[in-house]
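Okay, thanks for squeezing me in. I've got one structure to walk you through, so let me put it up on the screen.

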Amino acid sequence: MKLETMYQEIILDHYRKPLNRGLRTPFDVEVHHVNPTCGDELTLRIDIDHSDGNAVVSDVSYEAIGCSISQAATSVMTELVLDQDLAAALTTQGEFLTMMQSRGEVEPNEDILGDAIAFAGVSKYPARIKCALLGWMAFKDAAAQAMAAADASTDSQKETA
Ligand code: ZN
């Protein structure tokens, strides 16, 4: 099977059977991101577990409307970040962003990207890049807000201790 065909299969598979779709509780942060050029909309929730001194993505869920690229990319993203250390999840996010901005010229790191490597070809189509990035940018935004809130509550705990 041609690589490009295999990548299309991965994208279609996630579009038809999206993972982690349907908003769940509990969650720390909910964000809403839109990609107006295509009409994609995404509401994303994340829950971060701070026990053991680590930050772990204990849950991620979403509701989305929009094109197949945006929906499939969000499904793949949730699969890759769920139950991961937040730092590792953000490394994957950075790797995906680099791949999408590469216009197909950078060899993507499959060890880090997993199924997300299927979107490498999308980076050649500028109009679709924002579709593929929607879920990942929403995740990064939600993670930053969750960490900021955690820092604030740690500070207040220190003050009362
Ligand atoms: Zn789109």
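Let's start at a turn. Strands E1 and E2 make a hairpin with four residues between the strands, and Gly 39 there takes a positive phi near 95°. Keep in mind that this is a predicted model.

Now the strands themselves. E1 covers residues 29-35, and it pairs with E2 in the antiparallel sense over seven bridges. If you want a spot to click on, Glu 30 stands opposite Arg 45 in E2.

Over to the other partner of E2. That's E3, residues 56-65, again antiparallel, with nine bridges joining the two. Here you can look at Asp 49, which stands opposite Val 56 in E3. E2 and E3 also form a hairpin, this one with six residues between them, and Asp 52 in the turn has a positive phi of about 65°.

So how enclosed is E2? Eight of its 10 residues are buried, so the strand is largely enclosed by the rest of the structure.

That brings me to the residue I really wanted to show you, Asp 47, which sits in E2. Which side chain of opposite charge is nearest to Asp 47? It's Arg 24, but that one is 9.4 Å away, and Asp 47 has no salt bridge even though it's buried.

What does the side chain of Asp 47 reach, then? The backbone nitrogen of Asp 28, at 3.4 Å. Leaving out residues up to four places away in sequence, Asp 47 touches Pro 26, Phe 27 and Asp 28, plus the run Val 56, Val 57, Ser 58 and Asp 59.

That's my bit, happy to rotate the view if anyone wants.

Technical notes: Residues are numbered from 1 along each chain as its sequence is written. This is a predicted model: local features need pLDDT of at least 70, side-chain atom pairs count only at pLDDT 80 or more; totals for chains, interfaces and linings use all residues. Side-chain values use heavy atoms; hydrogens and water are left out. Buried means under 20% relative accessible area, exposed over 50%, partly exposed in between (1.4 Å probe, protein chains only). Lys and Arg count as positive and Asp and Glu as negative; His and the chain ends are not counted. A salt bridge is a side-chain nitrogen of Lys or Arg within 4 Å of a carboxyl oxygen of Asp or Glu. A polar contact is a pair of N or O atoms within 3.5 Å; within protein, one must be able to donate a hydrogen and the other to accept it, and residues adjacent in sequence count only if both atoms are side-chain atoms. Contact means heavy atoms within 4.5 Å. Two strands pair if DSSP finds at least two bridges between them.
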